[in-house]
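Here's a quick briefing to read with the model open in your viewer. Keep the sequence handy too, as the bullets go topic by topic.

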Amino acid sequence: MDGVIVVDKPAGWTSHDVVNKMRRFAGTKKVGHLGTLDPGATGVLPLVIGRATRLAQFYTRNDKVYEGVIHFGFATDTYDADGEPASPELAVTLAPEQMEAALQPFRGRFLQTPPPVSAKKIGGRPAYELARKQQPVELKPVQVEVYALDTVRIDGCDVAVRVHCSAGTYLRSIAHEAGLALGCGAHLKSLRRTASGDFKIESARTLEELAALAEAGGLEAALIPAAQLLPEFPAEFVDAITAGQIRNGRDFRVSPFQPRKDARYVKAVNAQGDLVAIGEARLPLVYHPVLVL
């Protein structure tokens, strides 16, 4: 069980709750996630399992795709539907041109201040711990990039949007600031992640589906093997002797006949199709194992 299982996270569960459930399903403590989802959000939550947990370092900057609904009329202290209203609700009428003007500043690269109730660390502590204790939360703006932000439909005070963005982008903050721009307040009513890097909602399994597979002893059916991960890294097949040398930290040569366009990283894969290591270029056609499974 070395690879990734993509979970369709249900609402009301923290990402850590899902990790703990998968540890029981897989019978191992070696389970981690590739990017948290807020408890109220649903959708793609990739979990790395077994020795594949070591590959998490290569997924820190994965792009994300979300579908969300922004409710205009009042803001909340958490910027989403789980928070307390920050003001009485205002009746608003939204026109497409208003929404376009309100959302335009959040396309492209810009500095974004994370919500006070978030997992961002302040002095080693998550910001949400301080916020819930009514302690001051001062988070520095960070640069994010929104590649696409489209209005799907407007239904009264609710606006459905689809967002393709860089890692670390908070749609909650976009909703909050759009409400400020329109002078009526807003919060993120719902959020569903449909893609995280190469992992799509189409390959995600519900916890109920995974429980049934685990009970039948067939959890491997949901597993994306480690050798299939990081498809942007060319695969280099190595024999048993070379695999042994790689495991001892030795550099390894790659075939000059394989198209890899001077790739910085390659995947060393053995004859059984298992991932042995990730190699980083040191010299032309020579790679050094920077991560060994």
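A residue counts as buried here when its relative accessible area is under 20%. Keep in mind that this is a predicted model. The chain has 293 residues, and 45% of them count as buried.

**The big picture**
- You're looking at six helices and 17 strands in the chain.
- The C-alpha trace spans about 70 × 45 × 40 Å along its principal axes.
- Among contacts with a separation of 6 or more, 67% are between residues 24 or more positions apart.
- The accessible surface adds up to about 14900 Å², and carbon and sulfur atoms own 51% of that.

**Strand S9 and its neighbours**
- Strand S9 covers residues 158–165 and is mostly covered, with six of its eight residues buried.
- On one pairing, S9 runs antiparallel to S4, and eight bridges join the two.
- If you want a spot to find that pairing, go to valine 69, which stands opposite alanine 160 in S9.
- S9 also pairs with strand S8 (residues 142–155), again in the antiparallel sense and over eight bridges.
- Here the pair to look up is aspartate 150 and its bridge partner in S9, arginine 162.
- S8 and S9 form a hairpin with two residues between the strands, and glycine 156 takes a positive phi near 65° there.
- A general point for reading strands like these: in a regular strand, side chains alternate between the two faces of the sheet.

**Nonpolar cores**
- The largest nonpolar core has 27 residues, and the members touching the most others are Phe72, Leu149, Val161, Leu171 and Ile174.
- Elements giving two or more residues to this core are S4, helix H2 (96–103), S8, S9, helix H4 (171–182) and strand S10 (186–196).
- Take isoleucine 174 as a way in: leaving out residues up to four places away in sequence, it touches Leu103, Phe106, Phe110, Gln112, Val146, Leu149 and Thr169.
- There's also a second, separate core of 23 residues, including Phe199, Leu230, Phe233 and Val269.

**Aromatic pairs**
- Searching the whole structure turns up six aromatic pairs.
- One of them is phenylalanine 58 with tyrosine 265, an edge-to-face pair at 5.3 Å centre to centre with 75° between the planes.
- That pair links distant parts of the chain, since its partners are 207 residues apart: phenylalanine 58 is in the loop between strand S3 (42–49) and strand S4 (64–72), while tyrosine 265 is in strand S15 (residues 265–269).
- Are these two rings buried or exposed? Phenylalanine 58 has a relative accessible area of 18%, so it falls under the 20% cut-off and counts as buried.
- Tyrosine 265 is buried as well, at 15%.
- Ring pairs also bring in Phe233, so that Phe58, Phe233 and Tyr265 make up a cluster.

**Cysteines**
- How many disulfides does the structure hold? The count is zero.
- Cysteine 157 shows why for its own case: the closest cysteine sulfur, in cysteine 184, is 8.0 Å from its sulfur, which is too far for a bond. A disulfide would need the two sulfur atoms within 2.5 Å.
- Cysteine 165 is buried, with a relative accessible area of 1%.

How values were computed:
Residues are numbered from 1 along each chain as its sequence is written. This is a predicted model: local features need pLDDT of at least 70, side-chain atom pairs count only at pLDDT 80 or more; totals for chains, interfaces and linings use all residues. Side-chain values use heavy atoms; hydrogens and water are left out. Rings of Phe, Tyr and Trp (its six-membered ring) pair if their centres lie within 6.5 Å; planes under 30 degrees apart count as stacked, over 60 as edge-to-face and the rest as tilted. Helices (H or I, at least four residues) and strands (E, at least two) are DSSP runs, numbered from the N terminus. Buried means under 20% relative accessible area, exposed over 50%, partly exposed in between (1.4 Å probe, protein chains only). Two strands pair if DSSP finds at least two bridges between them. A nonpolar core is a set of buried Ala, Val, Leu, Ile, Met, Phe, Trp, Tyr and Cys residues joined through side-chain atoms within 4.5 Å. Contact means heavy atoms within 4.5 Å. Accessible areas come from the Shrake-Rupley method with a 1.4 Å probe; for residues, only the protein chains shown count as cover.
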